[in-house]
Amino acid sequence: MSATYSIGIDLGTTHSALSWMALDAKEGRGPNQAVLPISQVTAPGTTEERQLLPSFLYLSADGEFPKDALALPWKGDARTVVGEFARTHGTKVPTRQVASAKSWLSHPGVDRRAKILPWQAPPDVTKVSPVEAGARVLEHLAH
Amino acid sequence: MSFFTRLKLALSVLFGGELPASAAPERALPAKVEAPPPPPPAPVLTAEQQHAAALFFLGLLQREGRLLDFLQEDITSFSDGDVGAASRVVHAGCKKVLAQYLALTPVVAETEGATISVPAGFDASRFRLTGNVTGQGPWKGSLKHHGWQASKVELPAVPTTVDVKVIAPAEVELP
């Protein structure tokens with residue numbers, strides 16, 4: 001099976017995006033190319049499409065939100081959330097928010113597979129590694 | 001088959017339940033079509049469920065523009081300057097919500113005060129006549145307000161996993 005479309009992924013430090021174009025199009029810009037809207041939780045119970053996916057991961061506490069309020073169409077009851085709500089709510093709970101995970105990937109003094117994020121997390125938070133955090137953003141984009 | 005033959009056929013099938021022999025189609029239909037089960041009775045909705053979208057939209061205006069905080073505050077004791085400063089926050093936030101989810105355009109493009117004509121048999125949801133309303137039209141009158149219409153509504157689905165009666169949760173900061 002040969003591919004019809006080419007999809008570009010921008011895994012950014014603060015925001016990520018998806019773009020696509022038809023492979024038979026001669027010109028890679030203009031009407032042949034478009035940004036793919038990304039479904040994401042924008043508030044508890046609300047999922048919306050946005051052009052950008054904030055590259056933030058929020059690790060919620062047990063019972064912090066109503067059941068299924070962070071669920072996505074492809075993912076049921078979720079304790080962790082990626083995107084707009086992870087960004088906005090995480091600013092109020094910085095110890096549970098993983099931000100700028102990409103910048104930790106190439107940090108010379110850090111093992112990128114070590115579970116160190118969020119950096120200042122309390123002991124009851126199951127920390128993630130920079131690689132895992134990046135993977136969670138990519139996993140979200142894949143849906 | 002002509003249109004009227006088709007129509008007759010459709011009506012006879014609809015009300016008679018059987019196809020007339022003359023119009024039997026080439027492909028045989030199932031001998032008996034089960035009548036669809038009657039639709040389940042409409043669930044009785046509480047006022048909150050019925051108006052969940054309104055409460056949800058109020059929640060958006062509160063979240064982005066603090067609209068409820070502003071409206072529920074007794075502003076009589078504040079100076080015009082304070083009220084004006086607060087209203088800028090409300091204005092910016094609520095405007096952001098409107099721009100994000102709705103496209104709002106005037107019903108008529110003319111500026112207020114302009115003389116415009118309203119045809120006989122006008123669309124009464126788009127125009128409201130005031131003043132000396134008489135005769136059959138067309139009328140000429142002064143535009144007092146250009147009206148508003150939503151030419152696009154793209155609100156997110158009303159949440160089902162949170163209590164819609166709670167327009168904004170109480171926030172508690174832990175030390």
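## Exercises: salt bridges, a helix pair and a buried proline

E139(A) and R136(A) pair up in a salt bridge, with their closest N and O atoms 3.2 Å apart. A salt bridge here is a side-chain nitrogen of Lys or Arg within 4 Å of a carboxyl oxygen of Asp or Glu. Before you start: this is a predicted model, where local features need pLDDT of at least 70 and side-chain atom pairs count only at pLDDT 80 or more, while totals for chains, interfaces and linings use all residues. Residues are numbered from 1 along each chain as its sequence is written, chains are lettered from A and ligands numbered from 1 in the order in which they are written, and side-chain values use heavy atoms, with hydrogens and water left out.

**Exercise 1.** Place E139(A) and R136(A) in chain A and work out how exposed each one is.

*Step 1.* Find the element: both residues lie in helix 3 (residues 130-141) of chain A. Helices (H or I, at least four residues) and strands (E, at least two) are DSSP runs, numbered from the N terminus.

*Step 2.* Check the spacing: they are 3 residues apart, about one turn of the helix.

*Step 3.* Check the accessibility, where buried means under 20% relative accessible area, exposed over 50% and partly exposed in between (1.4 Å probe, protein chains only). R136(A) has 19%, so it is buried. E139(A) has 43%, so it counts as partly exposed.

**Exercise 2.** Look up the salt bridges R66(B)–D69(B) and K152(B)–E154(B).

*Step 1.* Take the distances: R66(B) and D69(B) meet at 3.8 Å, N to O. For K152(B) and E154(B), the closest N and O atoms are also 3.8 Å apart.

*Step 2.* Add the exposure: R66(B) is partly exposed at 40% relative accessibility, and D69(B) is partly exposed at 40%. K152(B), at 30%, is partly exposed too.

*Step 3.* Put them in context: over all chains, the structure holds 12 salt bridges.

**Exercise 3.** Describe how helix 3 (residues 52-65) and helix 5 (residues 80-101) of chain B pack.

*Step 1.* Get the geometry: their axes come within 7 Å and cross at roughly 130°. That angle makes helix 3 of chain B oblique to helix 5 of chain B. (Under 35 degrees is roughly parallel, over 145 roughly antiparallel, 65 to 115 roughly perpendicular, and the rest oblique; axes are lines fitted to C-alpha atoms, for helices over the stretch in contact, and angles run from 0 to 180 degrees between N-to-C directions.)

*Step 2.* List who touches whom, with contact meaning heavy atoms within 4.5 Å. Helix 3 of chain B contributes F57(B), L60(B), L61(B), E64(B) and G65(B). Partners in helix 5 of chain B include V89(B), V90(B), G93(B) and Y101(B).

*Step 3.* Sort the residues of this contact: 9 are nonpolar, 2 polar and 2 charged. (Ala, Val, Leu, Ile, Met, Phe, Trp, Tyr, Cys and Pro count as nonpolar, Asp, Glu, Lys and Arg as charged, and the others, Gly among them, as polar.)

**Exercise 4.** Describe the surroundings of P159(B).

*Step 1.* Locate P159(B): look in the segment after strand 4 (149-153) of chain B.

*Step 2.* Check burial: P159(B) has 8% relative accessibility, so it counts as buried.

*Step 3.* List the contacts: leaving out residues up to four places away in sequence, P159(B) touches G45(A), T46(A), F56(B) and V164(B).

*Step 4.* Compare sequence with space: P159(B) and F56(B) sit 103 residues apart in sequence, with their C-alpha atoms 8.0 Å apart.
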